[in-house]
Amino acid sequence: MKVYGPYYKDKIKGGIITVYYPLYFDRKIDSILLLDIKAYFLKDFLHDFNGGNFTNFSLDKKIKINEFIFNIIAKQKYFDPMKIPIQRSYWFFSLICLVIFIFLFVTYEFILFLRENINDNKKDKLTGLYRKDCFNDTKYSVSCIIIIDIDYFKNINDTYGHQVGDIVLKEVSDRIRYFISKTDIGIRWGGEEFVILLGEEIDIKQLKIKLNQLLHAISDIKICNIDVTISIGSFLSPNKIILANAFKSADEALYESKRTGRNKYTILMN
């Protein structure tokens with residue numbers, strides 16, 4: 001048996017390989033079977049395989065196609081599996097990893113973008129804190145709430161104008177936002193009134209320290225050369241209760257702080 005090729009012809013893309021297979025009769029060559037095979041049938045096979053399995057195998061560059069075909073026909077038995085010498089493309093694997101990484105990164109950034117935009121729609125434009133209407137759900141429960149009111153804010157507006165008043169509001173809200181932890185929620189409840197919902201459990205001793213720090217965070221540094229102070233009312237419960245009920249108790253505590261001199265805090269407990 002002989003294998004020749006590949007031959008290239010104008011009408012045949014990729015050329016052909018011809019197998020000369022002698023047929024014997026009484027130990028004499030009676031005829032010769034000529035078998036033409038597409039020279040690059042293995043490349044076509046791998047191309048279809050890669051397309052269906054999302055791989056990128058390629059033929060070993062050292063392979064001689066005519067010797068490969070000879071070995072298949074002459075040396076292998078009928079039931080022997082045909083072994084194709086292939087090589088893996090590591091750049092393709094690296095490319096897939098890069099594509100997956102980019103996809104995950106873009107997806108993560110997109111989710112962050114959506115979250116930020118959703119949260120921005122819930123926030124007050126002047127102060128950057130959440131709006132009151134986002135927390136009117138009666139199912140929302142807390143164990144500790146803090147209500148803050150800027151002392152004599154109307155006098156600030158009347159004396160220095162609403163533009164300065166807005167600066168005071170923004171600066172106070174910035175200090176509140178800097179003061180609270182990541183688990184706490186800062187809300188502009190309305191006008192010069194702010195609310196902090198504590199996300200973690202806290203005892204009375206820790207709460208007193210926190211409120212004292214909050215008072216100093218506002219009063220220690222002037223805003224627009226104005227001495228600004230706040231009054232605080234807080235409610236603390238060992239168990240979570242409906243926000244509306246907690247707010248009512250904290251509001252009573254706030255009133256007590258205002259009635260007894262301002263620039264102080266009052267705590268009511270359940």
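**A turn with positive phi, a mixed sheet and its cores**

Arg-27 lies in the loop that links strands S2 and S3. In this predicted model, Arg-27 has a positive phi of about 60° although it is not a glycine. Most residues other than glycine have a negative phi. The neighbouring position in the chain tells a similar story: Asp-26 also sits in the loop between strand S2 (12-25) and strand S3 (28-38), and its phi, near 55°, is positive in a residue other than glycine. Are these loop residues buried or exposed? Asp-26 counts as exposed at 61% relative accessibility, and Arg-27 is likewise exposed, with a relative accessible area of 81%.

Further along the chain, six strands form an open sheet of mixed pairing, in the order S6-S8-S9-S7-S10-S11. The edges are taken by strand S6 (130-131) and strand S11 (265-269); each has a single partner strand, so one side of each is left without a neighbour in the sheet. Strands of a sheet pair through backbone hydrogen bonds, either parallel or antiparallel. Within this sheet, strand S7 (residues 141-150) pairs with strand S10 (residues 230-242) in the antiparallel sense, over nine bridges. Val-142, for instance, has Ile-241 of S10 as its bridge partner.

Two helices pack on the sheet. Helix H6 (residues 204-219) touches S7, strand S9 (193-197), S10 and S11, and its direction makes about 150° with that of S10. Helix H7 (residues 243-259) touches S7, strand S8 (185-190), S9, S10 and S11, again with its direction at about 150° to that of S10. A closer look at helix H7 brings in Ser-249, which has its place there. Ser-249 has a relative accessible area of 19%, under the 20% cut-off, and is therefore buried. Leaving aside neighbours within four places in sequence, Ser-249 is in contact with Phe-235 and Leu-268.

Another pair of helices meets elsewhere in the chain. Helix H4 (residues 153-160) and helix H5 (residues 162-179) pack at an angle of about 140°, and their axes are 7 Å apart. This angle makes H4 oblique to H5. Which residues in H4 and H5 meet? From H4 come Phe-153, Ile-156, Asn-157 and Tyr-160, while H5 brings His-162, Val-164, Gly-165, Val-168 and Leu-169. Sorted by class, the contact of H4 with H5 has six nonpolar and three polar residues, with no charged residues.

The contact between these helices leads naturally to the nonpolar interior. The largest nonpolar core has 30 residues, and those with the most contacts inside it are Ile-146, Ile-148, Ile-150, Val-168, Val-172, Leu-214 and Val-228. Two or more residues of this core come from each of S7, H4, H5, S9, H6 and S10. Which element gives the most to this core? That is H5, with six residues. Val-168, found in H5, offers a good view of the packing: leaving aside neighbours within four places in sequence, Val-168 is in contact with Ile-150, Phe-153, Ile-156, Ile-223 and Val-228. There is also a second, separate core of 15 residues, which includes Phe-135, Ile-147, Ala-246 and Ala-250.

How values were computed. Residues are numbered from 1 along each chain as its sequence is written. This is a predicted model: local features need pLDDT of at least 70, side-chain atom pairs count only at pLDDT 80 or more; totals for chains, interfaces and linings use all residues. Side-chain values use heavy atoms; hydrogens and water are left out. Two strands pair if DSSP finds at least two bridges between them. Helices (H or I, at least four residues) and strands (E, at least two) are DSSP runs, numbered from the N terminus. Contact means heavy atoms within 4.5 Å. Axes are lines fitted to C-alpha atoms, for helices over the stretch in contact, and angles run from 0 to 180 degrees between N-to-C directions. Angles under 35 degrees count as roughly parallel, over 145 as roughly antiparallel, 65 to 115 as roughly perpendicular and the rest as oblique. Ala, Val, Leu, Ile, Met, Phe, Trp, Tyr, Cys and Pro count as nonpolar, Asp, Glu, Lys and Arg as charged, and the others, Gly among them, as polar. A nonpolar core is a set of buried Ala, Val, Leu, Ile, Met, Phe, Trp, Tyr and Cys residues joined through side-chain atoms within 4.5 Å. Buried means under 20% relative accessible area, exposed over 50%, partly exposed in between (1.4 Å probe, protein chains only).
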